[in-house]
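Got your viewer open? Let's take a short walk through this model, one selection at a time.

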Amino acid sequence: MTHNEEDTAPLRRPEVTGLRLATDGPDRPAAPAPGRPDLPQDRSQAILEAAKEIGALLKRAGHPFALAGSVAVYAHGGSRYLQHDADFCVLREDAEAVAATLREAGLPVRTPPEDWLLKTTCQGQNVDIIFALAHQPVTKEMLERAPVLPVDSVLMPVLSATDLIHSLISAFSEHYCDFGAVLPVARAVREKVDWDEVRAACGDQPMPAAFLFLLERLNVIDAREGQP
């Protein structure tokens, strides 16, 4: 971090960015907890660091897995603006072994009410270990077709762009239908997606069909052959 003359001012300017600890005074940050490493300067980098650490653990232990979620989109060339958490797909039958690997590394493992994932925390960030995507189980075939991509300098399997888009739009329903969140993802990875396969998998469902139609009207993807 660089310093300038304004660092000596009694009050910090509100536009200063970066993660900060709670203050123990009006103008002085609290001392960090003993032994706690400094956090990255922004939330996206914090999520990336967590994803890298979990990915490295799973690789060393030999667990089949694939990175998913917003970090997978980033690995495929999408936005670096990451939200919420990091996601990893594993086989349901490997869940206990994966949980043991995480615990051996000193990470907490929690079992939420949902029966399709485990949760852990790494470097202060939430990480989901997922067994099912959009109500469909993670399969060996899904993990085998995951390409190995660099994730901020760490190589790891990443959910294929086709599987990633399929999982995102298959989750649309009457209760959750945020096209605005998925549209930039579709734009970012469109050249890597087998759209015919996506249509065959979920294009007959109302909400995915509506989203695919929107992509066609916006010229993000070509219209299905035989349609205007």
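Start with the empty space: the largest pocket holds about 1,200 Å³. Keep in mind as you look around that this is a predicted model. To find the middle of the pocket, select G69, S70, D87, L168 and Y176, which lie nearest its centre among the 35 lining residues.

Next, colour the elements that give two or more residues to that lining: helix 2 (69-75), strand 2 (85-89), strand 4 (117-122), strand 5 (125-130), strand 6 (132-133), helix 5 (161-170) and helix 6 (179-189). Which of them gives the largest share of the lining? That's helix 6, with five residues. Now colour the lining by class, and you'll get 20 nonpolar, 10 polar and five charged residues.

Stay with strand 4 and look at its partners. Strand 5 runs antiparallel to strand 4, joined by six bridges, and you can spot T121 opposite N126. Two residues sit between these strands in their hairpin, where Q123 takes a positive phi near 50°. Then select strand 3 (residues 109-110), also antiparallel to strand 4 and joined to it by two bridges. Here R110 faces K119, and this hairpin has six residues between its strands.

Last stop: show helix 1 (residues 43-61) and helix 3 (residues 95-104). Their axes come within 10 Å and cross at roughly 115°, in a right-handed crossing. Turn on side chains for I54, L57, L58 and A61 in helix 1, which meet V98, T101 and L102 in helix 3. That contact is made of six nonpolar residues and one polar, with no charged ones.

Notes
Residues numbered from 1 in each chain as written. Predicted model: local features only at pLDDT ≥ 70, side-chain atom pairs only at ≥ 80, totals over all residues. Heavy atoms only, no water. 1 Å grid on protein atoms, 1.4 Å probe; cavity = no way out; pocket = protein on both sides within 12 Å on 5 of 7 lines; lining within 4 Å. Points joined across faces, edges and corners; volume = space filled by probe spheres on them. Helix = DSSP H or I, 4+ residues; strand = E, 2+ residues; numbered from the N terminus. Nonpolar A, V, L, I, M, F, W, Y, C, P; charged D, E, K, R; others polar. Axes fitted to C-alpha atoms, helices over the stretch in contact; angles between N-to-C directions. Left-handed = near helix turned anticlockwise from the far one by under 90°. Contact = heavy atoms within 4.5 Å. Pairing = 2+ DSSP bridges.
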